[in-house]
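Me: Please take a close look at one part of this model, the loop between the helices and the contacts around it. Then set that part in the context of the whole chain.

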Amino acid sequence: MARNEKEQKEQQLLDGPTEFFREGTQFLSKCKKPDAKEYSKIIRAVGIGFVAVGIIGYAIKLIHIPIRYVIV
């Protein structure tokens, strides 16, 4: 029985990576490249996100500069 249990544990260790590889190949086979219209939407959304984060960061910096000089 000890040998059978050892084989089962080895099989369980090998099941994880093989299942991950199988699911990964299924996922990649379902993926497709974005067309030009979809790609431009993605680029626009990322650009708007960068600008928004930059504006928020700049506004926070503008608020904290006077506060820092008042405290010091």
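Reply: The loop comes next, followed by the second helix and the chain as a whole.

This is a predicted model, in which local features need pLDDT of at least 70, side-chain atom pairs count only at pLDDT 80 or more, and totals for chains, interfaces and linings use all residues. Residues are numbered from 1 along each chain as its sequence is written, and side-chain values use heavy atoms, with hydrogens and water left out.

Aspartate 35 sits in the loop that lies between helix 1 (2-30) and helix 2 (36-71). Helices here are DSSP runs of H or I with at least four residues, strands are runs of E with at least two, and both are numbered from the N terminus. The side chain of aspartate 35 reaches the backbone nitrogen of glutamate 38 at 3.1 Å. Aspartate 35 is partly exposed, with 46% relative accessible area; the scale calls a residue buried under 20%, exposed over 50% and partly exposed in between, using a 1.4 Å probe and protein chains only.

Glutamate 38 also has a side-chain partner: it forms a salt bridge with lysine 32, at 3.5 Å from N to O. The term requires a side-chain nitrogen of Lys or Arg within 4 Å of a carboxyl oxygen of Asp or Glu. A search of the whole structure finds 1 salt bridge. Glutamate 38 counts as partly exposed because its relative accessibility is 34%, while lysine 32 is exposed at 63%.

Further along, an unreviewed UniProt entry places the feature "transmembrane region" at residues 42-60. Such positions follow the numbering used here, feature names are shortened, and annotations may be inferred rather than shown by experiment. Over residues 42-60 the chain is 100% helix and 0% strand, with the end C-alpha atoms 27 Å apart.

Isoleucine 71 belongs to helix 2 and, at 68% relative accessibility, counts as exposed. Together with Ile63, Ile67 and Val72, Ile71 forms a nonpolar surface patch.

The whole chain holds 2 helices and 0 strands. Its radius of gyration is 27 Å, well over the 11 Å that the globule rule gives for 72 residues, so the chain is more spread out than a compact globule. That radius is taken over C-alpha atoms, and the rule is 2.2 Å times the number of residues to the power 0.38. Along its principal axes the C-alpha trace spans about 75 × 45 × 5 Å. Of the 72 residues, 0% count as buried.

How values were computed. Polar contact = N/O pair within 3.5 Å; in protein donor to acceptor, adjacent residues only side chain to side chain. Patch = residues over 30% accessible without salt bridge, like charges linked within 9 Å, V, L, I, M, F, W, Y side chains within 5 Å. Areas by Shrake-Rupley, 256 points an atom, 1.4 Å probe, with all protein chains shown as cover.
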